[in-house]
Amino acid sequence: MMNTKILGTNKQDIELAGKILSEGGLVAFPTETVYGLGADALNEDAVKNIYKAKGRPSDNPLIVHIAKKEDIVPLVKEVTKEAKAVIDRFFPAPLTIILPKSEKVGSVVSGGLDTVAVRMPQNPIARELIEAAKTPIAAPSANTSGLPSPTKASRVIEDMSGKIDAIIDGGDCEFGVESTVITLATDVPTILRPGAITKEMLEEVLPKVEVAKAVLEGMKNDEVAASPGMKYKHYAPKAKVIIVDADKERYEKFVNSKKDAYALCFEGDNVKIPKVTFGKENDDLSQAKELFDALRKLDDMGAKKVYARIPHKDGVGMAVYNRLIRAAAFCVLDLQKPFTIGLTGQTGAGKGYVGKYLSSLGFNVLDTDVYARKITEKNSPIFPILQKEFGEDIIKNGELQRQVLADRVFKDKEKTKRLNEIMHPAIIELCKENAVFPSVFDAPLLFECGADKLCSVIISVLAPKELRIKRIRERDNITAEQAEIRMNAQKDEEFYKTNSDFTVINDGRDIKSQIDTIMEAF
């Protein structure tokens, strides 16, 4: 373990830090975004030591920091017209641009890509350090890879003391989230990581700007990371973070029902469980500045599970959401939808038992079979529609002749489909009217009627084929062949597994413990 020097921002300390960098050492320093962990960008061995100190994957590219606008010229093949417009308008700024690299830039700093990411920090201490080092500085955030980025020197000391040569204490960072990254190496300039320089600001100097899908949705398994912070779980505390997509009132009601959990919320939220705030609800910049340190505070408090209130996704809010969604490993509980849980599964699997247990846990269970009967009660307004489609004789004395309808419809796939098209919307609307949070939409045909899109989380109940046949025969007093016909009319087991958030296997194992495990996500 090396002796890490803690330096100030006076000229002597900056010169010492510059000398350390020029000799191949590592120095953490403040920028306007977060603290960076710097090495000589043109020294491949020094850059490799950044990856070692952070425990960072080597295919995750680094950003090269420069002190003056003209310093970018030797690092890239060409300063394009678009690049010049962006540099002239913004540099120095919390903004990184990506261009095809020159031969001067090695493969380590670029993560093996043929491009290089360059930025000119706004923070004067950072620029003074680069000039003192007399070389561009490669620098990711100065934290252990995967943890929240540091916005205070004390957090850098926690992570990097004993691993690097020096840390410059320059106080708190101004913006609190890393720089915006935009690639100018593609046909259309594309934001790969949002930050304080927003899409709208960039569109003032560029004819068109796109936002990469991975910014809000995450990367595909085979996708190459063109920018830091795209590929891996990032910015995460040790606790499990779950983003709650809800308005203020519903978020408060939800988190205040929880035990042994923490809240990551906005100032002014009426939260009764232990909480840490990250700015004000309508102030993106305050959220950006406070987010990373708030995530660190949750670790200090020993939080194991954290429910985070969702920020909005435009302006600087996009940068906050981008960091938070990665801290949560893309786990979002959408409580804006009408139904909290969609419950479905294979016929004969035991869905009803699961529904009863969820009801005992305080969920408002909306059984679609019950509501189907409600909308077909005597003199129902839906009867004329059904008569027009399936015959006048299906209604007698204001009552639905269920067996007549069944005989006429269920032997014909097209008629069955048409019946569902009539019934399902009416059932769903009635369930919406009766949905009290937290609710369960219990529907055998959840996917078929499109209601899966109305549920925050989907649970499917499954069971082995032979066991289901036995249950259906006993329940409905039918033959094995008739049971199989019903089973074959449904989606197969793989479909339910692929399209559900959770599955419950009802083959004799303990159902309650399976549900209790699922409930840990709520």
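**A quick tour of a predicted model**

Let's start at the surface: K388 is exposed, with a relative accessible area of 78%. Anything over 50% counts as exposed here, so K388 qualifies. Before I go on, please keep in mind that this is a predicted model. Where is K388? You'll find K388 in helix α13, which covers residues 383-390. And here's a distance to try on your screens: from K388 to D269 is 53 Å, C-alpha to C-alpha, with their places 119 residues apart in the sequence.

Okay, on to the strands. There's an open sheet of 11 strands, and its pairing is mixed. If you want to trace it, the order goes β1-β8-β2-β3-β7-β4-β6-β5-β9-β10-β11. So which strands stand at the edges? Those are β1 (5-7) and β11 (210-211). Each of them has a single partner strand, so one side of each has no neighbour in the sheet. Step inward and look at β2, residues 27-29, and β8, residues 166-168: the two run parallel and are joined by two bridges. A28 is a handy marker there, as A28 stands opposite I167 in β8.

Next stop, strand β13, residues 262-265. Which way do its residues point? Y262 and L264 go one way, A263 and C265 go the other, and all of them are buried. This strand also has parallel partners. With β15, β13 shares three bridges, and Y262 stands opposite V306. With β14, residues 275-277, the pairing is again parallel over three bridges, and here L264 faces V276.

Now for a strand on the inside. How many residues of β22 are buried? Eight of the eight, so β22 (residues 455-462) is largely enclosed by the rest of the structure. As for partners, β17, residues 339-345, runs parallel to β22 with six bridges joining them, and I341 stands opposite V457. Strand β23, residues 502-505, pairs with β22 in the parallel sense too, over four bridges. To see that contact, find V461 and its bridge partner V504 in β23.

Let's move to the pockets, and I'll just show you the second largest one. Its space comes to about 400 Å³. Which residues lie nearest its centre? Of the 18 that line the pocket, those are S257, K258, F363, M519 and F522. Two elements, α8 (248-255) and β15 (305-309), each give at least two residues to that lining. You've met β15 already, as the parallel partner of β13. By class, the pocket lining splits into nine nonpolar, six charged and three polar residues.

Last topic: the aromatic rings. When we talk about a pair of rings, we describe it by the distance of the centres and the angle of the planes. How many aromatic pairs are there? With centres within 6.5 Å as the cut-off, the count is seven. Ring pairs also tie F254, Y307 and F437 together into a cluster.

Some rings have a charge over them as well. K313 lies over the face of Y321, 4.7 Å from the ring centre. Over at F495, the charged end of K491 sits above the ring, 5.0 Å from its centre.

That's the tour. If you'd like somewhere to begin on your own, go back to β22, where eight of the eight residues are buried, and then flip out to K388, which is exposed. Thanks, everyone!

Conventions. Residues are numbered from 1 along each chain as its sequence is written. This is a predicted model: local features need pLDDT of at least 70, side-chain atom pairs count only at pLDDT 80 or more; totals for chains, interfaces and linings use all residues. Side-chain values use heavy atoms; hydrogens and water are left out. Rings of Phe, Tyr and Trp (its six-membered ring) pair if their centres lie within 6.5 Å; planes under 30 degrees apart count as stacked, over 60 as edge-to-face and the rest as tilted. A charge sits over a ring if NZ of Lys or CZ of Arg is within 6 Å of the ring centre and within 35 degrees of the ring normal. On a 1 Å grid over the protein atoms alone, a cavity is a set of points where a 1.4 Å probe fits but cannot get out, and a pocket is an open set with protein on both sides within 12 Å along at least five of seven lines; lining residues have an atom within 4 Å of a point. Grid points are joined across faces, edges and corners, and a volume is the space filled by probe spheres set on the points. Ala, Val, Leu, Ile, Met, Phe, Trp, Tyr, Cys and Pro count as nonpolar, Asp, Glu, Lys and Arg as charged, and the others, Gly among them, as polar. Two strands pair if DSSP finds at least two bridges between them. Buried means under 20% relative accessible area, exposed over 50%, partly exposed in between (1.4 Å probe, protein chains only).
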